[in-house]
Amino acid sequence: MVLPPPPCRHPPGIFARRSVLLGTAAWCVSAVACSGGAKTSSAAATSSPVTGSRTPSAAAPATMSPSASGSPGSGLPRAVPWRPGAGEIEPAAKLAAVELVEALGTWPAGQGGEQAAADRAAALGIPASSASRLAAQAGALMPTADAAVVRVIDAQYGGILSDTASVLVVCDQPTLTGTTVGPGGTTVDVRLSRGSAGWRVTALHPAAPGPAKPLEPPAREVLAQSRIELPPASAADIRSGAVHDSVLRAMLQLAGAYRLSVSVVRSGHPLDVFGTDRPSDHPLGRAFDVWRIDGHPVVDPATSRSLITAFMRAAAAAGSYNVGGPVQVTGGATANQFFSDNTHHDHVHVGFTL
């Protein structure tokens, strides 16, 4: 299923996002220590504490997000607040990131605009100056509309270290303009730091997929393949023509044996491998991440490790030189073809050289 999207070396908007000032918002959530890491810089689940759904369905009715009051607008679905599920390494970091994205991107009629978004962020406990700065960075998360609802599809790590993190918040965002409900959504690379009080959001880097272009057959086939679930930003990445055929062919090959729920392809992912100055394959259009296989979230401890391992091996057989996930797979064409770390405990990374 392809979710509807809104409307090289470095894709459009990347350098602009590099220049975004990393402010310090005093919005904190308690957390426990962790270590490990992998992907930085940005390219442009249900009851507490750790039990719940990873994503609402596209038509699921639910309660209004606590980030906005009242109904978001006639014809719009009500928001489904995301909660971390079982198996998360740092659930507090993800929750801090998601709550801000939900607050900025969900509003009822008459409460759109940057200042209203800053007020919603401040209602979470963020100081006014920091709330204003973060609202100004929201970009695609605040489309022109009378009302909007963010429903988080997934929140995965772009990188996690002991005191800094990147959480990629993958969103569906239907909007209301007049009496017309339109599709939308984006992916936001949310940067956080941890101090004595817990995790705080420091910056937002929304995806910037670029305009749609005429597509070659592999891209059209991926967009039409019901066994490949693409969130809005990832579908827009493919429509932009900036995703390499190696990625598209691998998706199609894997879809022959699995149902893939993709989280990130190109935009909305850190520019560099987190904590390093090495370019990530994602912004170059040479990688994709999968957060759910055959309906089973990778992060869920109940998901079969053999399913994940088999999928990782199948990704390598489809041509990936660099397959990461929560399981350290043995063998491989090269010593480093498979890897595992804390960043990849919640998804499978599939990268390509060309």
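# A guided tour of the predicted model

Begin by selecting Pro326, which sits in the loop that runs between strand 13 (322-324) and strand 14 (338-339). The model on display is a predicted one. Pro326 is partly exposed, because its relative accessible area is 22%. Next, show what surrounds Pro326: beyond its neighbours within four places in sequence, this proline is in contact with Val298, Arg305, Ile308, Ser340, His344, His345 and His347. To move on, add Thr309, which is 17 residues from Pro326 along the chain; the C-alpha atoms of the two are separated by 9.0 Å.

**Helix 8**

Select residues 305-317, which make up helix 8. This helix has 13 residues, and at 1.5 Å a residue it should span 18 Å; the C-alpha atoms at its ends are 18 Å apart, so the expected span and the model agree. Which residues of helix 8 are buried? They are Leu307, Ile308, Thr309, Phe311, Met312, Ala315 and Ala316. In an α-helix, residues three or four places apart point the same way, because there are 3.6 residues a turn. Ile308, buried in helix 8, has already appeared on this tour as a contact of Pro326. Just after the helix, stop at Gly319, where phi is positive at about 115°.

**Helix 7 and its cover**

Now select helix 7, residues 245-255. Its buried residues are Ser246, Val247, Leu248, Ala250, Met251, Leu254 and Ala255. What covers these buried residues? The cover includes helix 5 (217-224), strand 9 (228-229), helix 6 (232-239), strand 10 (260-264), strand 11 and helix 8. Displaying these elements together with helix 7 shows how its buried residues are covered.

**Two loop residues beside strand 11**

From strand 10, proceed to His269, found in the loop between strand 10 and strand 11. Is His269 buried or exposed? It is buried, because its relative accessible area is 1%, and the cut-off for a buried residue is under 20%. Phe288 is 19 residues from His269 along the chain, and the C-alpha atoms of this pair are separated by 10.0 Å.

Then select Asp294, in the loop between strand 11 (287-293) and strand 12 (296-297). Its phi is near 50°, a positive value in a residue other than glycine. Asp294 is partly exposed, since its relative accessible area is 25%.

**Strands 3, 4 and 7**

Turn to strand 3, residues 151-160. Ten of its ten residues are buried, so this strand is largely enclosed by the rest of the structure. A hairpin of three residues connects strand 3 to strand 4. Strand 4 comprises residues 164-172; it runs antiparallel to strand 3, and eight bridges join the two. Strands of a sheet pair through backbone hydrogen bonds, either parallel or antiparallel. To follow the register, select Arg151, which stands opposite Asp172 in strand 4, and then Gly159, which stands opposite Ser166 in strand 4.

Strand 4 itself is mostly covered, with eight of its nine residues buried. Add strand 7, residues 187-195, which is antiparallel to strand 4 and is joined to it by seven bridges. Within this pairing, Ala165 stands opposite Leu192 in strand 7.

**The sheet of strands 2, 5 and 6**

Next, select strands 2, 5 and 6. These three strands form an open sheet in the order 2-5-6, with antiparallel pairing. Which strands lie at the edges? The edge strands are strand 2 (147-148) and strand 6 (180-182), each of which pairs on one side only. Strand 2 meets strand 5 (residues 175-177) in the antiparallel sense over two bridges. In this pairing, Ala147 has Leu176 in strand 5 as its bridge partner.

**Helices 2 and 3**

Finish with helix 2 (residues 91-105) and helix 3 (residues 114-122), whose axes come within 8 Å and cross at roughly 145°. The crossing of the two helices is right-handed. To view the contact, select Leu100, Ala103 and Leu104 in helix 2, which meet Ala117, Arg120 and Ala121 in helix 3. The residues of this contact divide into five nonpolar, no polar and one charged.

Terms used
Residues numbered from 1 in each chain as written. Predicted model: local features only at pLDDT ≥ 70, side-chain atom pairs only at ≥ 80, totals over all residues. Heavy atoms only, no water. Axes fitted to C-alpha atoms, helices over the stretch in contact; angles between N-to-C directions. Helix = DSSP H or I, 4+ residues; strand = E, 2+ residues; numbered from the N terminus. Left-handed = near helix turned anticlockwise from the far one by under 90°. Contact = heavy atoms within 4.5 Å. Nonpolar A, V, L, I, M, F, W, Y, C, P; charged D, E, K, R; others polar. Buried < 20%, exposed > 50% of the residue type's maximum accessible area, 1.4 Å probe, protein only. Pairing = 2+ DSSP bridges. Expected span 1.5 Å × (residues − 1).
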